[in-house]
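Hello,

Here is the structure you asked to look at. Please open it first, then read the notes below it.

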Amino acid sequence: MQRIVAPSMLSADFGHLERDTRMVDASAAEWVHIDVMDGVFVPNISFGFPVLKAIRKATAKFLDVHLMIVSPEKYVARFAEAGADLVTFHLEATDDPARCVALIRRAGAKAGVSVKPATPVEALREVLPLVDLVLVMSVEPGFGGQSFIPGSLEKIAQLRAMAREMGLETIIEVDGGISARNAGAVYGAGADVLVAGSSVFGAEDPQAEVVKMLNA
Ligand code: DX5
Ligand code: ZN
């Protein structure tokens with residue numbers, strides 16, 4: 001199984017966005033995670049297209065865009081055009097996940113779907129064959145720096161089993177409260193990609209922290 005770390009730019013210093021993006025670019029992290037929040041789907045507002053474009057200019061790495069917004073179908077194509085390699089929308093935010101996936105693919109990006117902690121794995125059954133990736137939230141979306149919800153490990157294992165049973169090689173990404181301390185357990189439960197914001201950017205040596213997570 002592959003192991004990827006995706007530092008979340010939400011925890012970067014936005015006064016030095018280019019510097020922090022280049023630091024991640026020079027690290028062992030293969031992906032860069034971008035959290036877009038609209039103040040409606042989640043009780044917080046982060047940033048949108050101009051910031052994504054600035055990050056795109058400063059790195060050639062795989063840009064993983066996590067949309068925490070209502071009506072994602074209105075914007076998914078624009079995020080792909082602004083430089084996202086993967087666009088992930090929330091299952092809870094749309095009535096038509098298949099249409100979101102089609103719009104993302106038509107714009108040339110990979111498609112992901114995310115679920116909040118209270119949404120059961122079973123709710124993903126229909127959309128699973130359509131997407132490249134499922135992003136399992138291991139905290140309530142909206143803020144960095146929260147604690148990992150322990151029940152997420154069981155959820156990851158259930159999702160891995162469901163994908164296997166359906167004959168799918170779905171990429172499983174996990175987001176929220178992850179550090180070198182629990183990374184081994186999260187990969188062990190069946191995750192491929194771990195998002196880490198505060199643990200990476202809050203570390204004395206963020207690049208070393210990424211390596212610690214990969215080797216956890
Ligand atoms: C939370 C975001 C996360 C967040 C993770 O809504 O989706 O990507 O930045 O931050 P940490 O790693 O600090 O929990
Ligand atoms: Zn995220």
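Leaving aside its neighbours within four places in sequence, which residues is Gln207 in contact with? The model is predicted, and in it Gln207 touches Met23 and Ser27. Gln207 sits in helix α8, which covers residues 206-214. It counts as partly exposed because it has 16 C-beta neighbours inside 10 Å, and the buried class starts at 20. Phe47 is 160 residues away from Gln207 along the chain, and the C-alpha atoms of the two are separated by 24 Å.

Next, strand β4.

Strand β4 spans residues 86-90, and 5 of its 5 residues are buried. This holds for both faces: Leu86, Thr88 and His90 are buried on one side, and Val87 and Phe89 are buried on the other.

β4 pairs with strand β3 (residues 62-68) in the parallel sense, over 3 bridges. Within this pairing, Val65 has Val87 as its bridge partner. Between the two strands the chain passes through helix α3 (residues 76-81), and this β-α-β crossover from β3 to β4 is right-handed.

β4 also pairs with strand β5 (residues 110-115), again in the parallel sense, over 5 bridges. Here Leu86 of β4 is opposite Lys110 of β5. The chain gets from β4 to β5 by way of helix α4 (residues 97-106), and this β-α-β crossover is right-handed.

Now the core.

The largest nonpolar core holds 66 residues, and Val87 and Leu194 are the ones that touch the most other members. Strand β2 (residues 31-37) supplies the largest share of this core, with 5 residues. If residues up to four places away in sequence are not counted, the contacts of Val87 include Val65 and Leu67. Val76, Phe79 and Ala80 are also among them, as are Ile104, Ala109, Ala111 and Gly112.

Last, the ligand.

How many residues surround ligand 1? There are 22, and the closest are Ser8, Pro141, Gly144, Gly197 and Ser198. Three elements, β2, β8 (193-196) and α7 (198-201), each give two or more residues to this shell. By type, the shell around ligand 1 consists of 7 nonpolar, 13 polar and 2 charged residues.

When you go through the model, you could start at Val87, which is buried in β4, is the bridge partner of Val65, and is one of the two residues that touch the most other members of the largest nonpolar core.

Regards

Note on methods. Residues are numbered from 1 along each chain as its sequence is written. Chains are lettered from A and ligands numbered from 1 in the order in which they are written. This is a predicted model: local features need pLDDT of at least 70, side-chain atom pairs count only at pLDDT 80 or more; totals for chains, interfaces and linings use all residues. A residue is buried if 20 or more other C-beta atoms lie within 10 Å of its own, exposed if 12 or fewer, and partly exposed in between; C-beta atoms are placed from the backbone. Helices (H or I, at least four residues) and strands (E, at least two) are DSSP runs, numbered from the N terminus. Two strands pair if DSSP finds at least two bridges between them. A crossover is right-handed if, with the strands pointing away from the viewer, the path from the first strand over the helix to the second runs clockwise. A nonpolar core is a set of buried Ala, Val, Leu, Ile, Met, Phe, Trp, Tyr and Cys residues joined through C-beta atoms within 7 Å. Two residues are in contact if their C-beta atoms, placed from the backbone, lie within 7 Å. A residue is near a molecule or strand if its C-beta atom, placed from the backbone, lies within 6 Å of it. Ala, Val, Leu, Ile, Met, Phe, Trp, Tyr, Cys and Pro count as nonpolar, Asp, Glu, Lys and Arg as charged, and the others, Gly among them, as polar.
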